[in-house]
Amino acid sequence: MGKRVEKTDEQWRAVLPDAVFRICREGKTEHPFSGEYCDHKAEGQYVCAACAAPLFVSSAKYDSRSGWPSFWSPVAQDAVLVRKDLSHGMERAEVLCACCDAHLGHRFDDGPQPTGLRYCINSLALHFLPSLS
């Protein structure tokens, strides 16, 4: 995990576009198949849109056909936090950036091997850094 980033909602509002603030700070979800990275196939690293902490790598990305970018594993186990989410009348596992607590999306147990997990992440919660090779 990188260096901890803590800001007030007012400070986050000043630096994040409105749509990113709604996802990352208010826990909203973008519409399926609307995100920039849903069908993205370039090689590189996905970082937190709020604090730029490394979160996922393209080699762990796969097409889940869910409408959101999906990964079978984060870049490191301590890159994300997972907590119980009981909103919308269901129980899910919310995925947060471990450095700034930005809401990223949710984790499900229906992913591919080797983990069997699907990290279903909002494109607006991510920035992509292409590989330099």
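The following exchange examines how several features of this predicted model earn their names.

Me: What makes the contact between Glu26 and Arg13 a salt bridge?
Reply: The closest N and O atoms of Glu26 and Arg13 are 3.7 Å apart, and the cut-off is 4 Å, so the pair qualifies as a salt bridge. The two residues belong to distant parts of the chain, 13 residues apart: Glu26 lies in the loop between helix 2 (18–24) and strand 1 (44–48), and Arg13 in helix 1 (residues 9–15). The structure holds six salt bridges.

Me: Why is Glu26 called partly exposed?
Reply: Glu26 has a relative accessibility of 39%. Buried requires under 20% and exposed over 50%, so the value for Glu26 falls in between and the residue counts as partly exposed.

Me: How do you know that Glu94 and Arg83 form a salt bridge?
Reply: The N to O distance between their side chains is 2.8 Å, which is within the limit of 4 Å. This pair also links distant parts of the chain, with Glu94 in strand 6 (residues 92–97) and Arg83 in strand 5 (residues 80–85), eleven residues apart.

Me: Which partner of this pair is buried, Glu94 or Arg83?
Reply: Glu94 is at 10% relative accessibility, under the 20% limit, and therefore counts as buried. Arg83, with a relative accessible area of 48%, lies between 20% and 50% and is therefore partly exposed.

Me: What makes Asp110 and Arg118 a salt bridge, and how is each residue classed by accessibility?
Reply: The closest N and O atoms of Asp110 and Arg118 are 2.8 Å apart, within 4 Å, so the pair is a salt bridge. Asp110 has 49% relative accessibility, which is partly exposed, since exposed would require over 50%. Arg118 has 12%, under 20%, and is therefore buried. Elsewhere, Arg4, Glu6 and Asp101 are joined into one network by salt bridges that share partners.

Me: Why are strand 3 and strand 5 called edge strands?
Reply: Six strands make up an open sheet with antiparallel pairing, in the order 3-4-8-7-6-5. Strand 3 (61–62) and strand 5 each have a single partner strand, so one side of each has no neighbour in the sheet.

Me: How do you know that strand 4 and strand 8 pair?
Reply: Pairing requires at least two bridges, and strand 4 (residues 70–71) and strand 8 (residues 118–121) share two bridges in the antiparallel sense, so the criterion is met. Ser70 stands opposite Cys120 of strand 8.

Me: What makes strand 1 and strand 2 a pair?
Reply: Strand 1 and strand 2 (residues 54–57) are joined antiparallel over three bridges, and the requirement is at least two, so these strands are paired. Tyr46 has Phe56 in strand 2 as its bridge partner. The hairpin has five residues between the strands, and Ala52 takes a positive phi near 70° there.

Me: Why is there no disulfide between Cys99 and Cys97?
Reply: A disulfide requires sulfur atoms within 2.5 Å. The closest cysteine sulfur to that of Cys99 is in Cys97 at 4.8 Å, which is too far for a bond. Cys99 itself, at 4% relative accessibility, is buried.

Me: Why is Cys120 not bonded to Cys38?
Reply: The sulfur of Cys38 is the closest cysteine sulfur to that of Cys120, but the 8.8 Å between them is too far for a bond. Cys120 has a relative accessible area of 8% and is therefore buried. The search of the whole structure finds zero disulfides.

Me: How do you know which residues line the largest cavity?
Reply: A lining residue has an atom within 4 Å of a point of the cavity. Among the residues that line the largest cavity are Cys38, Asp39, Lys61, Tyr62, Trp68 and Ser70. The volume of this cavity is about 40 Å³, and its lining has four nonpolar, two polar and four charged residues.

Me: What lines the largest pocket?
Reply: The largest pocket has a volume of about 320 Å³. Of its 18 lining residues, those closest to the centre are Gly27, Thr29, Arg92, His103 and His106. Strand 7 (103–108) is one of the strands that supply at least two lining residues, and its four residues are the largest share. By class, the pocket lining has three nonpolar, eight polar and seven charged residues.

Technical notes: Residues are numbered from 1 along each chain as its sequence is written. This is a predicted model: local features need pLDDT of at least 70, side-chain atom pairs count only at pLDDT 80 or more; totals for chains, interfaces and linings use all residues. Side-chain values use heavy atoms; hydrogens and water are left out. Buried means under 20% relative accessible area, exposed over 50%, partly exposed in between (1.4 Å probe, protein chains only). On a 1 Å grid over the protein atoms alone, a cavity is a set of points where a 1.4 Å probe fits but cannot get out, and a pocket is an open set with protein on both sides within 12 Å along at least five of seven lines; lining residues have an atom within 4 Å of a point. Grid points are joined across faces, edges and corners, and a volume is the space filled by probe spheres set on the points. Ala, Val, Leu, Ile, Met, Phe, Trp, Tyr, Cys and Pro count as nonpolar, Asp, Glu, Lys and Arg as charged, and the others, Gly among them, as polar.
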